[in-house]
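This report describes the architecture of a structure, from its sheets and helices to its chain contact and its cores. The sequence and coordinates are shown first.

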Amino acid sequence: MLHLLKLEWLKQKDYILFKLLVAAYLIFLPATLFIGKKMQLDVGAPINPAKDFFVFPTIWEWLGYFGNWMGYFVLGFMAVLMVTNEYSNKTLRQNVIAGLQRTDFFKSKLLFMTVVATVATVYYATCALVIGLFHLGDDSLYFSTVFKNIDYVPRFWLMSMGYMSFGLLVGLLTKKTGIALFLYLAYSMVIESILRWVVHLYFFKNITMSLYPLNAMEDLAPLPVAEMANDLLKQHGFRMLLTPMEAALASSFYIALFLYFSYKRLKNSDL
Amino acid sequence: MQVLQIQGLTKRYGAITAVNNLHLEIQSGSVYGILGPNGSGKTTTLSMVLGIVGADSGSFSWFGDKYGDQERMHIGALLETPNFYPYLSPVKNLEITAHIKRVASPGIDQILEIVNLAHRRDSAFSTFSFGMKQRLAIAAALVGDPEVLILDEPTNGLDPQGIAEVREIIKRIANNGKTIIMASHILDEVEKVCSHVAIIKRGKLLANGEVGAILSNDRQVDISAGDLVRLREVLANFPGVKSISEKDKMLQLQVGTELTAAELNKLAFDNGLIISHLVMKPKSLEAEFLEITAGT
């Protein structure tokens, strides 16, 4: 297992775009939070960014939501590049010729993705804890307050795995970096929205419209105010936000599905 | 020992049959040339036996199946184009190859020495000329000292100096007793380097065996004398002369290797004929190749 992980590491460690993506994640994740310091919402909004972004337990939600965007772009792109580069450089073909089993190629990608998702999650948790501890203010500190939203940590990990397995599949299906990135963005931003809001809603006006893959992954760390909007809608008998458990189950299902199709694709295609 | 056995391998791309019911056996220690014009199915055949393209039917086995599905760990191959991570140096690229092949100490510096790339060991692959890329591909094939080397058009796209260098490298490796399978559309190359040859065209095997037997060693003699008719009579019954034709007031003979110019001269002299022109030359391989491939 370590052998395959090291193989991917040898490929990535000197790759400039990989380093840039890592740097972008490490810098932008906490940095976006600090935009809150400059946000003055004096319109009676239910949130106060200058405070809510930084204190327990809401920091878990807000940093999780910003991490959602970072995961979507940085980790997803990383997964796409991880496979499309191997096609455009024809190195996947060369790896196989050199003796690598296709199954092992897949495993090395999956292992690397898992490690990246884990490191990203640990970094998220560390940032939340450290920044939160620096913003305790005058309120007395309760253990239960600090860790109230601790379930965001496994949710964040699952979300990272979700975006990456989607990126992996798109990369393997298209084989070309440009087309893959376009499809990755187009599906998540346009195609899925049309499927949900136009097609699905026409037939079923209920929560099932939120069970689409990218939406389910997004709902693992949603925009915190979305919950309030959801509560409002619920009074009218309609809800659009998945519960964390629903989102986790749906995401796990899609991750398994994406990985399965990725594996099938890799196993059977001519290189 | 049998290195590779191919049985009835077939690959179709739509209406085109790239490889058609191909049977081949390659023995250990041979330098086996797969000769055929462009698009004859050489690369497709090698792609199938290297596991990157699936066959429609037929089968193949490496090393009598003694390595199971790990056979490629014992093969070094250059297929079509040199493929490497462009942002990595030759050393780091070869380290990845060695890592895949699980070779603990691959001796990368010595390998780079063999292919004359030691001076560029640390520059990125993307800065290489095509010739250097091709030589690095040969280097990658050498990692782990594999039992078999597969070289697909190893001199393709190289300048004359590059061709000479690469052929020199191949000869050196062959001299060490390694089994080499080389695909080429250049006869001269196959004849100079290979011990065995298979000729394929449009995916079909036309002939295979030892180079000497397939690309026969017959020689051509241009001979002329004052009385051509008489000369022809005399030569017609002489053993070793396989065929006679007339061209530009000269006779062209196909003769076996045992016949010498002196014998022909003596024969003519004994029959009272004075030879005015006598040239003996190897029969053109191009002609041989065209002869074999023309019939299909």
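In what order do the 6 strands of the open sheet of chain B lie? The model, which is predicted, places them in the order S5-S6-S7-S3-S8-S9, with mixed pairing. S5(B) and S9(B), the latter covering residues 204–210, stand at the edges with a single partner strand each, so one side of each is left without a neighbour in the sheet. From one strand to the next the twist averages 15°. At one edge, S8(B) (residues 196–201) and S9(B) run antiparallel and are joined by 6 bridges. B:Ala198 has B:Asn208 in S9(B) as its bridge partner. Helix H1 of chain B, residues 42–49, packs on this sheet and touches S3 (31–35), S6 (148–152), S7 (179–184) and S8 of chain B. The direction of H1(B) makes about 145° with that of S6(B).

**Chain B as a whole**

The secondary structure of chain B amounts to 10 helices and 13 strands. Its C-alpha trace spans about 75 × 45 × 35 Å along the principal axes, and 39% of its 296 residues count as buried. Among contacts in chain B with a separation of 6 or more, 68% are made by residues 24 or more positions apart. The domain assignment divides the chain into domain 1 (2–86 + 145–214) and domain 2 (219–294). The C-alpha centres of these domains of chain B lie 37 Å apart.

**Strand S12 of chain B and its partners**

Strand S12(B), residues 250–255, pairs with two strands, as tabulated here.

| Partner of S12(B) | Residues | Sense | Bridges |
|---|---|---|---|
| S10(B) | 219–225 | antiparallel | 5 bridges |
| S11(B) | 241–247 | antiparallel | 6 bridges |

On the S10(B) side, B:Val221 has B:Leu253 of S12(B) as its bridge partner. On the S11(B) side, B:Ser243 is matched with B:Gln254 of S12(B). S11(B) and S12(B) form a hairpin with 2 residues between the strands, in which B:Asp248 takes a positive phi near 50°. The two faces of S12(B) have opposite surroundings: B:Leu251, B:Leu253 and B:Val255 make up the covered face, whereas B:Met250, B:Gln252 and B:Gln254 make up the uncovered one.

**Helix H5 of chain A and the contact with chain B**

Helix H5(A), residues 91–98, is mostly covered, with 8 of its 8 residues buried. These buried residues include the polar or charged A:Thr91, A:Arg93, A:Gln94 and A:Asn95, as well as A:Leu92, A:Val96, A:Ile97 and A:Ala98. They pack against elements of both chains: H4 (58–88) and H6 (102–133) of chain A, and strand S5 (75–78) and helix H2 (90–100) of chain B. Just after H5(A), A:Gly99 takes a positive phi of about 125°.

The contact between the chains takes 21 residues from chain A and 24 residues from chain B. On the chain A side, the elements that give two or more residues are H1 (2–12) and H5. H5(A) supplies the largest share of that side, 7 residues. By class, the side of chain A that touches chain B has 9 nonpolar, 6 polar and 6 charged residues.

**Nonpolar cores**

In soluble globular proteins, nonpolar side chains tend to be buried together. The largest nonpolar core here has 138 residues. Those with the most contacts inside it come from both chains: A:Leu75, A:Met78, A:Met113, A:Met164, B:Ala139, B:Ile150 and B:Met182. H4(A) provides the largest share of this core, 17 residues. Leaving aside neighbours within four places in sequence, A:Leu75 is in contact with A:Val116, A:Ala117, A:Ala120, A:Ser160, A:Tyr163 and A:Met164. A second, separate core of 10 residues includes B:Val221, B:Ala225, B:Leu231 and B:Val255. Of these, B:Val221 is the bridge partner of B:Leu253, and B:Val255 belongs to the covered face of S12(B).

**An exposed position in helix H5 of chain B**

Is B:Gln161 buried or exposed? This residue, found in H5(B) (residues 160–175), is exposed because 9 other C-beta atoms lie within 10 Å, and a residue counts as exposed at 12 or fewer. B:Gln161 and B:Gly131 are 30 residues apart in sequence, and their C-alpha atoms are 9.5 Å apart in space.

Methods:
Residues are numbered from 1 along each chain as its sequence is written. Chains are lettered from A and ligands numbered from 1 in the order in which they are written. This is a predicted model: local features need pLDDT of at least 70, side-chain atom pairs count only at pLDDT 80 or more; totals for chains, interfaces and linings use all residues. A residue is buried if 20 or more other C-beta atoms lie within 10 Å of its own, exposed if 12 or fewer, and partly exposed in between; C-beta atoms are placed from the backbone. Helices (H or I, at least four residues) and strands (E, at least two) are DSSP runs, numbered from the N terminus. Two strands pair if DSSP finds at least two bridges between them. Two residues are in contact if their C-beta atoms, placed from the backbone, lie within 7 Å. Axes are lines fitted to C-alpha atoms, for helices over the stretch in contact, and angles run from 0 to 180 degrees between N-to-C directions. Domain bounds come from an automatic or database domain assignment. A nonpolar core is a set of buried Ala, Val, Leu, Ile, Met, Phe, Trp, Tyr and Cys residues joined through C-beta atoms within 7 Å.
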